[in-house]
Amino acid sequence: MTTDSAGSPDRLLYLLQVANASFPTGAFNHSYGFETWIDSGALDDAASFEGACRDWLRYAVIPTDGAAAAHAHRHATAGELDALLALDAIVGALKLSRESREASYKTGRALLAAHRDVFSAETLAPLAEAMRDGRCEGHQAVVFGAAAQAQGIGVGDAVLAFLHAGLSNLVSVGARLIPLGQIESQRIVREAWPLLTGGAAEACAMELDALGSATAGLDIASMRHERLHTRLCMS
Amino acid sequence: MAEPSSAPVAPDPEWIVGKYALMNVRARRRLGRTEIDPLCWRIPFQWQGYHYQDHDDEPFMLIVNSGGGFVEGDVAHFHAELEPGTRALFTTTASSKFYKCPDGAVSREITDLHVGADALLEFCPDEAIPFARSRVHRVNRIAMAPSSRLFATDMVSAGRVHYGDGEVFRFHHLVSEFGITIGGRRLALDRLVATDPETIAALERLWQGRRHMATAFGYAPDLPAGVEDDVHDAIAGIDGTEAGVTRIGELVIVRILSAETWQAHEALFAAWGALRPAIAGKRARPILKC
């Protein structure tokens with residue numbers, strides 16, 4: 001368990017607010033391909049959904065976006081805008097379906113916009129300018145890591161909050177689509193605590209050239225989502 | 001992923017003869033067609049020329065590695081530069097077989113392809129097969145000019161799936177990377193990192209119980225609207241496969257999982273069939289290798 005933001009109520013409150021599903025990033029609209037599996041009946045109860053969520057977290061998010069959030073935090077600490085932009089390009093390139101790539105940068109842009117309006121983080125201005133100029137897309141993991149750094153959050157806590165927010169949002173999508181009860185949904189998130197804490201530590205230790213995803217089946221589900229007849233989610 | 005240089009790779013004197021295969025080639029326009037010049041090579045890569053299988057100006061080159069497979073610590077490094085306006089197809093004579101690495105060293109397959117302005121690259125290698133206890137690092141890097149065109153495939157099998165009781169996901173280390181840049185901008189980076197037992201064991205589940213993962217990439221600056229739908233229709237319904245297709249700007253990506261090798265090959269060929277007229281201006285035809 002990382003505790004590097006402990007002792008500061010403001011920092012804890014910041015994390016609680018920005019990682020909350022109600023923070024306006026639009027993440028609750030994205031299933032990242034899960035809607036395809038739910039539509040096909042491959043995921044139809046809490047157990048099957050929980051297993052897929054854990055795989056998504058362990059083999060798709062932690063070694064890509066989770067690690068990217070950590071790198072973004074460090075680049076922001078060092079004031080390395082060019083490295084931040086290069087990281088953003090890697091994050092985008094790693095997403096092989098159109099919808100997953102769009103989900104990543106749309107939620108990233110929304111996160112930055114909301115962050116600017118709520119927290120007025122001037123240190124994010126160069127990143128915002130690069131996004132406006134088209135020098136980067138502004139993927140969520142990159143924005144989250146840089147924004148958390150601007151608020152004085154430690155890298156470990158930032159990544160842990162990022163992973164928790166991602167899982168919570170996906171579980172809320174599953175709760176609506178399968179559907180699942182509120183207690184079942186919260187139990188899935190609670191059961192994932194060890195995976196979240198271990199994953200955050202793993203993501204923080206990951207070298208840039210080790211970023212990668214192993215979820216080929218989910219890539220296909222995300223691609224097929226583009227052609228689903230009835231869709232409630234954007235991805 | 002570093003941007004591959006268009007300059008030929010110079011052999012390092014430290015490389016052990018026979019353990020580090022290297023080939024540098026350059027495609028040039030000459031006499032109204034593309035010709036491929038071998039700049040230098042080291043065994044076990046062998047230069048055996050090229051031929052014009054489509055009976056037009058585009059040479060087909062089989063990358064010949066006479067080693068027959070990757071013993072522990074082997075490296076094969078293929079580097080090609082396509083000059084502006086050229087077009088060429090590269091394929092392999094057979095699958096890349098990676099044998100066991102009992103002493104913990106890694107076998108490496110490196111492909112660097114540099115595609116000049118208005119050039120066409122078709123890169124259709126056979127699959128990589130990581131045998132039980134193998135340790136494999138594959139890197140495919142394609143650097144393209146914005147006006148260039150591409151059809152490329154990549155395929156990784158779970159192992160010798162029909163050997164004995166089967167050697168499915170029994171390798172010990174696999175990093176497989178396929179990256180494409182356009183004008184220095186990253187377009188796609190497909191990187192599988194399975195270097196711990198937990199991840200390797202999970203792959204069968206993450207591959208939906210299939211044993212082969214194949215990916216096709218098609219790019220052209222003027223890719224027609226809706227061509228991705230043609231690809232979708234072409235790959236639909238192939239036995240034993242699960243597949244999806246997407247389009248990101250002028251890049252079409254096809255992801256395929258299959259139970260059998262031939263099923264992935266068939267799906268890749270179907271994708272090529274749908275994309276090749278738009279990318280290369282001609283129909284796909286089976287590539288003959290012998």
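Author: Two residues are in contact when their C-beta atoms, placed from the backbone, lie within 7 Å. This is a predicted model, so local features need pLDDT of at least 70 and side-chain atom pairs pLDDT 80 or more, while totals for chains, interfaces and linings use all residues. Residues are numbered from 1 along each chain as its sequence is written, with chains lettered from A and ligands numbered from 1 in the order in which they are written.

Reader: OK, chain A to start. How many helices does chain A have?

Author: Helices (H or I, at least four residues) and strands (E, at least two) are DSSP runs, numbered from the N terminus. Go along chain A from the N terminus and you read α-α-α-α-α-α-α-α-α-α-α. The strand count in chain A is zero, and the helix count is eleven.

Reader: And chain B, how many strands are there?

Author: Chain B does have some helices, namely three. Alongside those helices, the strands of chain B number 17.

Reader: What box do the C-alpha atoms of each chain fill?

Author: Both boxes are taken along the principal axes. For chain A, the C-alpha atoms fill roughly 45 × 40 × 35 Å. For chain B, the box is roughly 50 × 50 × 35 Å.

Reader: What percentage of the residues in each chain is buried?

Author: A residue is buried if 20 or more other C-beta atoms lie within 10 Å of its own, exposed if 12 or fewer, and partly exposed in between. Of the 235 residues in chain A, 56% are buried. In chain B, with its 290 residues, the figure is 51%.

Reader: Take contacts between residues at least 6 apart in sequence. What percentage in each chain joins residues at least 24 apart?

Author: Chain A first: 82% of such contacts join residues at least 24 apart. In chain B, the share that spans at least 24 places is 73%.

Reader: Now where the chains meet. Which element gives the most to the side of chain A that touches chain B?

Author: Chain A brings 24 residues to the contact, and chain B brings 29. On the chain A side, the elements giving two or more residues are α3 (46–78), α4 (81–94), α5 (98–119) and α11. With six residues, the top contributor is α11(A).

Reader: Let's zoom in on A216(A). Is A216(A) buried or exposed?

Author: A216(A) lies in helix α11 of chain A, which covers residues 216–225. Inside 10 Å, A216(A) has 26 C-beta neighbours, so it counts as buried.

Reader: Which residues is A216(A) in contact with, leaving aside neighbours within four places in sequence?

Author: Those partners carry the chain letter B, and L206(B) is one of them. The full set is L206(B), W207(B), M213(B), R255(B) and L257(B).

Reader: And how far is A216(A) from D45(A)?

Author: Along the chain, A216(A) and D45(A) are 171 residues apart. In space, their C-alpha atoms are separated by 22 Å.

Reader: One more residue, D39(A). What burial class does D39(A) get?

Author: D39(A) sits in helix α2 of chain A, residues 34–40. There are 19 other C-beta atoms within 10 Å of D39(A), so its class is partly exposed.

Reader: How far apart in space are D39(A) and P126(A)?

Author: In sequence, D39(A) and P126(A) are 87 residues apart. Going C-alpha to C-alpha, the distance in space is 42 Å.
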